[in-house]
Amino acid sequence: MSIAEQMGRTLQRTSISTNIKERLDFSCALFGPDGGLVANAPHLPVHLGAMQKAVKWQIKALGDDWKEGDVIVSNHPCAGGSHLPDMTVITPVYMDGKRVFYVASRGHHADIGGITPGSLPPFSVTLLEEGASIKSFKLKVGDNFQEAGITEMLNAPGKIRKPHEAPISVTRNLRDNIADLKAQVAANQKGITLVEELIKHYSLEVVQAYMHHVQNNAERAVRKMLIDLSLAYNLKEVDTLTAEDFMDNGARIKLAITINRKDGSAIFDFTGTDDEIYGNINCPKAVTKSAIIYCLRCLVKEEIPLNQGCLNPVKIFVPKGSLLSPSETAAVVGGNVLTSQRVTDVILTAFRAVACGQGCMNNLTFGSKKMGGYYETIAGGAGAGPSWNGQDAVQIHMTNTRITDAEVLEARYPVMLNEFSIRKGSGGDGAFKGGNGVIREFTFLKPLTVGILSERRSIAPVGLCGGKDGARGRNTLIRKDGRKIFFGGKNMTKVQPGDVFRIETPGGAGYGVP
């Protein structure tokens with residue numbers, strides 16, 4: 001874990017974008033020779049479970065063509081990506097000409113092209129509209145960083161549309177993209193140096209043995225947790241827990257968890273989940289696995305690092321063609337930041353662990369061709385549990401990013417932050433109360449395009465065991481002349497100087513009868 005943490009510090013120091021340097025929207029991790037997750041820093045849960053799929057995909061796809069000195073970049077959902085703005089850089093660790101470990105860093109790039117600034121378009125219906133997509137590209141070959149090649153790929157979206165179709169933009173933040181990708185390469189090199197030092201000190205055999213010990217211990221801890229939970233809930237030796245919830249558009253996410261107390265195993269079956277969506281809240285299967293591994297780790301009471309071993313006792317069935325296993329061309333930008341939160345709510349509800357939190361990342365984007373794109377996620381209320389109140393104004397579950405400091409925001413971008421406060425009374429009532437959401441309000445100082453990609457605006461966060469629901473979120477556009485416009489959960493528009501945008505995020509739900 002220390003290696004991944006030091007990789008993260010290197011990435012933060014050497015990056016230049018607000019999104020990575022200030023908001024810490026990145027993750028770093030170490031993987032075994034098979035691509036399985038060994039250890040990660042406590043960065044973003046939505047990244048960490050999916051990153052091992054990205055590493056394994058590259059191992060299989062490249063085979064012997066992956067030479068020493070090659071550094072790979074990828075962001076495509078079918079290759080273990082979460083959504084296109086999350087660029088994953090992967091570097092092998094070699095010893096005696098053999099790949100013995102892998103290090104990887106995943107960072108959210110605030111713009112990689114697409115139909116709106118910020119590359120989180122509220123109305124995308126195909127992956128092409130969401131920006132540059134890269135299955136596998138050698139970002140570095142030997143000592144040579146392939147700047148011309150990656151620039152061409154980041155500008156590729158501008159060449160997609162036919163003359164009579166609406167245009168798709170190239171990346172609006174090329175300078176930041178290139179600098180941050182170089183920072184990710186540097187972070188990986190830091191990881192390689194530390195792994196090599198570890199191997200030199202203890203030997204490869206000892207390091208790899210302890211890698212397996214860490215994974216085996218995680219597997220043992222998860223099996224014990226499943227057995228203990230089955231006994232605590234007076235389940236049969238083989239029994240099933242169920243839960244379902246809905247996206248704001250009515251799409252169902254349904255789950256049955258069958259626990260076998262004989263061996264401490266479980267089957268997560270999402271049969272009954274609705275089909276792929278005509279929209280962008282489809283969720284790559286790798287992200288669904290991220291939600292599962294995150295929830296399992298949360299339920300384990302022992303101090304263990306999150307790694308591949310947590311998933312060893314588990315089988316996962318996701319219907320192909322569903323919104324949790326969509327086609328290769330499906331739009332997915334909202335799946336990573338919205339649907340992942342709903343999947344997490346459904347899993348934790350099935351386990352009766354905690355009431356639903358805000359269930360959203362409240363994704364705000366604004367920008368222009370000249371400015372580039374700005375992106376942030378906004379905190380909300382956490383759900384209450386069987387012995388605790390939910391926290392106010394926090395990033396919950398699958399996100400773990402910071403908010404941009406007001407001073408940095410106003411110094412770098414043409415906006416003024418009017419208000420950033422706790423939304424009093426938005427948490428659900430109960431024996432233990434849900435946390436309150438927040439209010440965040442901006443005044444725009446230049447003409448820009450602004451977009452919001454959010455959930456829990458129609459369907460409230462659901463209480464557990466008699467607890468009350470949390471308050472739904474609300475987005476409001478206030479024109480300079482004072483006219484108020486209900487903006488909905490997913491929308492975009494052009495704003496002028498003096499226009500105001502107000503986001504009220506959902507509260508967490510309560511637990512237990514008030």
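Modeller: Before we start, two strands pair if DSSP finds at least two bridges between them. Also keep in mind that this is a predicted model.

Biologist: Okay, let's take the sheet with seven strands. Which strands stand at its edges?

Modeller: The sheet is open, and its order is β2-β1-β5-β4-β3-β6-β7, with antiparallel pairing. An edge strand has a single partner, so one side of it is left without a neighbour in the sheet. That is the case for β2 (37-40) and β7 (144-145).

Biologist: Going inside that sheet, which residue of β4 is the bridge partner of Ser-74?

Modeller: Strand β3 covers residues 71-74 and strand β4 covers residues 86-95. The two pair in the antiparallel sense over three bridges. For Ser-74, the partner in β4 is Thr-88.

Biologist: There's a helix lying across some of those strands. At about what angle does α6 run to β5?

Modeller: Helix α6 takes in residues 204-232 and lies across β2, β4 and β5 (98-108). Its angle to β5 is about 55°.

Biologist: And how far does α6 reach from its first C-alpha to its last?

Modeller: Start with the count, which is 29 residues. The expected span is 1.5 Å times one less than that number, and the model comes close to the expected 42 Å. The reach from first C-alpha to last is 42 Å.

Biologist: Which residue with a positive phi follows α6?

Modeller: The helix itself has buried residues, including Leu-204, Met-211, Ala-218, Val-222 and Leu-229. After α6 comes a residue whose phi is near 55°, and that residue is Asn-234.

Biologist: Over to β16. Is this strand largely enclosed, or largely open?

Modeller: Look at both faces of the strand: Leu-448, Val-450 and Ile-452 are buried on one side, and Thr-449, Gly-451 and Leu-453 are buried on the other. Six of the six residues in β16 (residues 448-453) are buried, so the rest of the structure leaves it largely enclosed.

Biologist: Which residue stands opposite Ile-452?

Modeller: One neighbour of β16 is strand β12 (residues 363-368), joined to it by five bridges and running antiparallel. The residue opposite Ile-452 is Leu-364.

Biologist: How many bridges pair β16 with β19?

Modeller: Strand β19 covers residues 490-495 and pairs with β16 in the antiparallel sense. Within that pairing, Val-450 has Thr-493 as its bridge partner. The number of bridges is six.

Biologist: Now the sheet with five strands. What is its average twist from one strand to the next?

Modeller: This is another open, antiparallel sheet, in the order β14-β15-β20-β17-β18. β14 (415-423) and β18 (484-486) each have a single partner, so one side of each lacks a neighbour in the sheet. From one strand to the next, the twist averages 15°.

Biologist: In that sheet, which residue of β20 stands opposite Asn-475?

Modeller: Strand β17 (residues 474-478) and β20 are antiparallel partners over five bridges. Opposite Asn-475 in β20 is Ile-503.

Biologist: Just past β20 there's Thr-505. Which residue's backbone oxygen does its side chain reach?

Modeller: Thr-505 sits in the segment after β20 (500-504). Its relative accessible area is 0%, so Thr-505 is buried. Among the residues it touches are Gln-358, Ile-378, Arg-423 and Arg-457. The backbone oxygen that its side chain reaches, at 2.9 Å, belongs to Ala-379.

Biologist: What is the C-alpha to C-alpha separation of Gly-359 and Val-462 in space?

Modeller: Gly-359 is in the loop between α8 (333-350) and β12. With a relative accessibility of 1%, Gly-359 is buried, and its contacts include Leu-338, Asp-345, Ile-396 and Glu-455. Gly-359 and Val-462 are 103 residues apart in sequence, while the C-alpha separation in space is 9.7 Å.

Biologist: Last one, on cysteines. How many disulfides does the structure hold?

Modeller: The cut-off is 2.5 Å between cysteine sulfur atoms, and the structure holds zero disulfides. For Cys-310, the nearest cysteine sulfur is that of Cys-298, 10 Å away. For Cys-360, the nearest is that of Cys-356, 13 Å away. Cys-310 is buried at 0% relative accessibility, Cys-360 is buried at 0% too, and the disulfide count is zero.

Notes: Residues numbered from 1 in each chain as written. Predicted model: local features only at pLDDT ≥ 70, side-chain atom pairs only at ≥ 80, totals over all residues. Heavy atoms only, no water. Buried < 20%, exposed > 50% of the residue type's maximum accessible area, 1.4 Å probe, protein only. Helix = DSSP H or I, 4+ residues; strand = E, 2+ residues; numbered from the N terminus. Contact = heavy atoms within 4.5 Å. Axes fitted to C-alpha atoms, helices over the stretch in contact; angles between N-to-C directions. Polar contact = N/O pair within 3.5 Å; in protein donor to acceptor, adjacent residues only side chain to side chain. Lists of a residue's contacts leave out its neighbours within four places in sequence.
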